[in-house]
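Student: Could you take me slowly through one part of this model, the sheet together with the loops that go with it? I would like the backbone details and the side-chain contacts treated together.

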Amino acid sequence: MTTATQTCPECDGPLKVDDSVSASEVIECPECRSELEVVTTRPLLLAVAPEVEEDWGE
Ligand SMILES: [Zn+2]
């Protein structure tokens with residue numbers, strides 16, 4: 001098992017991602033506590049997970 005070091009898209013901090021993660025899995029950045037969604041695994045691409053809000057304003 002290996003880990004790849006990614007850069008957090010939110011805080012630019014180093015983020016170790018296990019290579020066994022699956023697409024659409026959500027991981028948490030240890031630096032900024034942002035939830036990051038694995039968009040694709042090859043190549044490993046992370047995106048800030050959309051915040052679930054109770055109030056949709058409608
Ligand atoms: Zn971060």
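Tutor: What follows starts with the sheet, goes on to its loops, and ends with a loop elsewhere in the chain.

The model is a predicted one, and the part you ask about is an open sheet of three strands in the order β3-β4-β5, paired in antiparallel fashion. Its edges are formed by β3, residues 26-28, and β5, residues 44-48, each of which pairs on one side only. Between neighbouring strands of this sheet the average turn is 40°, with direction ignored. Strand β4, which covers residues 35-41, runs antiparallel to β5 and is joined to β5 by five bridges; within this pairing, valine 38 has leucine 46 of β5 as its bridge partner.

Consider now the loop between β3 and β4, which is where arginine 33 is placed. Although arginine 33 is not a glycine, its phi is positive, at about 65°, and this deserves attention because most residues other than glycine have a negative phi. The side chain of arginine 33 also meets that of glutamate 28 in a salt bridge, with an N to O distance of 2.7 Å. That distance qualifies because the criterion asks for a side-chain nitrogen of Lys or Arg within 4 Å of a carboxyl oxygen of Asp or Glu, and by this rule the count comes to one salt bridge. In general terms, side chains of opposite charge can pair when their charged atoms come close. As for the surroundings of the two partners, arginine 33 is exposed, with a relative accessible area of 55%, whereas glutamate 28, at 42% relative accessibility, counts as partly exposed. The two labels differ because exposed requires a relative accessible area over 50%.

The loop between β4 and β5 contains proline 43, and the peptide bond that leads from arginine 42 to proline 43 is cis, with omega near -5°. Here too the general expectation is a useful background, since most peptide bonds are trans.

For a backbone feature to set beside arginine 33, turn to the loop between β1, residues 3-7, and β2, residues 14-18, where aspartate 12 is found. Aspartate 12 has a phi near 65°, again a positive value in a residue other than glycine, and at 61% relative accessibility aspartate 12 counts as exposed.

Note on methods. Residues numbered from 1 in each chain as written. Predicted model: local features only at pLDDT ≥ 70, side-chain atom pairs only at ≥ 80, totals over all residues. Heavy atoms only, no water. Buried < 20%, exposed > 50% of the residue type's maximum accessible area, 1.4 Å probe, protein only. Pairing = 2+ DSSP bridges. Helix = DSSP H or I, 4+ residues; strand = E, 2+ residues; numbered from the N terminus. Axes fitted to C-alpha atoms, helices over the stretch in contact; angles between N-to-C directions.
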